[in-house]
Amino acid sequence: MEIEKNERINSLFEFYQPLLTEKQNQYLELYYADDFSLGEIAENFNVSRQAVYDNIKRTEKILEAYEAKLHLDAEFQARNKQADEIQQYVKQHYPNDRQLNNLVGRLENLEEE
């Protein structure tokens, strides 16, 4: 469960990071990406662990609210799933069609950018 939550927050953070304040960015980056503890973050910023915890929880809710309104992550996931299905179909049914396989590969690369 914790791993799924971390993946979810990291995914939302990728989309909505520019909309967060500098402190929200720093706390989330340290906590979720760099695996700092609340105590380590608190020590780095000379604040209490509770202040860090509150900021992180509030920021998580903000990210979820952005996603509820904008659906950037959900749409990205749906496009990736569809692209994977197309790629599988092409590999199964048209393995020798270089141009088609190249086009599908380029489509996959677009999603990663």
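A residue is taken as buried when its relative accessible area is under 20%, as exposed when that value is over 50%, and as partly exposed in between. The structure described here is a predicted model, and the burial classes given below follow from this definition.

Two asparagine residues illustrate the buried class. Asn55 is found in helix α4, which spans residues 49–70, and because its relative accessibility is 9%, Asn55 counts as buried. When neighbours within four places in sequence are left aside, the contacts of Asn55 are with Lys23, Gln24 and Tyr27. Asn25, for its part, is placed in helix α2, which comprises residues 22–33, and with a relative accessible area of 13% Asn25 is likewise classed as buried. With its neighbours within four places in sequence again set aside, Asn25 is in contact with Phe13, Gln17 and Leu20.

Attention then turns to the pairing of charged side chains. Side chains of opposite charge can pair when their charged atoms come close. Four salt bridges are present in the structure. In one of them, Lys5 is paired with Glu60, and the closest N and O atoms of this pair are 3.4 Å apart. Since Lys5 lies in helix α1 (residues 2–16) and Glu60 in helix α4, this salt bridge ties together parts of the chain that are 55 residues apart in sequence. The two partners fall into separate burial classes, for Lys5 is partly exposed, with a relative accessible area of 28%, whereas Glu60, at 8% relative accessibility, counts as buried.

Arg8 takes part in a salt bridge with Glu64, in which the N to O distance is 2.8 Å. This pair also links distant parts of the chain, with Arg8 in helix α1 and Glu64 in helix α4, 56 residues apart. Both partners are classed as partly exposed, Arg8 having a relative accessible area of 33% and Glu64 a relative accessibility of 32%. Arg8 forms a salt bridge with Asp73 as well, and here the closest N and O atoms are 3.4 Å apart. Because Arg8 lies in helix α1 and Asp73 in helix α5 (residues 72–93), the pair ties together parts that are 65 residues apart in sequence. Asp73, at 5% relative accessibility, counts as buried. In addition, salt bridges that share partners join Lys5, Lys57 and Glu60 into one network.

The surface carries patches of charged and of nonpolar character. A patch of negative charge is formed on the surface where Glu29, Asp34, Asp35, Glu40 and Glu43 gather. Within this group, Glu43 is found in helix α3, which covers residues 38–45, and because its relative accessibility is 62%, above the 50% limit, Glu43 counts as exposed. A nonpolar surface patch of about 250 Å² is made by Leu19, Leu70 and Leu72. Of these residues, Leu70 has its place in helix α4, and with a relative accessible area of 44% Leu70 is classed as partly exposed.

Taken by element, helix α4 recurs in this account. Asn55 is found in this helix, as is Leu70, and Glu60 lies there too, facing its salt-bridge partner Lys5 in helix α1, while Glu64 of helix α4 is paired with Arg8 of helix α1.

How values were computed. Residues numbered from 1 in each chain as written. Predicted model: local features only at pLDDT ≥ 70, side-chain atom pairs only at ≥ 80, totals over all residues. Heavy atoms only, no water. Patch = residues over 30% accessible without salt bridge, like charges linked within 9 Å, V, L, I, M, F, W, Y side chains within 5 Å. Areas by Shrake-Rupley, 256 points an atom, 1.4 Å probe, with all protein chains shown as cover. Salt bridge = Lys/Arg side-chain N within 4 Å of Asp/Glu carboxyl O. Lys, Arg positive; Asp, Glu negative; His and termini not counted. Charge placed at Lys NZ, Arg CZ, Asp CG, Glu CD. Helix = DSSP H or I, 4+ residues; strand = E, 2+ residues; numbered from the N terminus. Buried < 20%, exposed > 50% of the residue type's maximum accessible area, 1.4 Å probe, protein only. Contact = heavy atoms within 4.5 Å.
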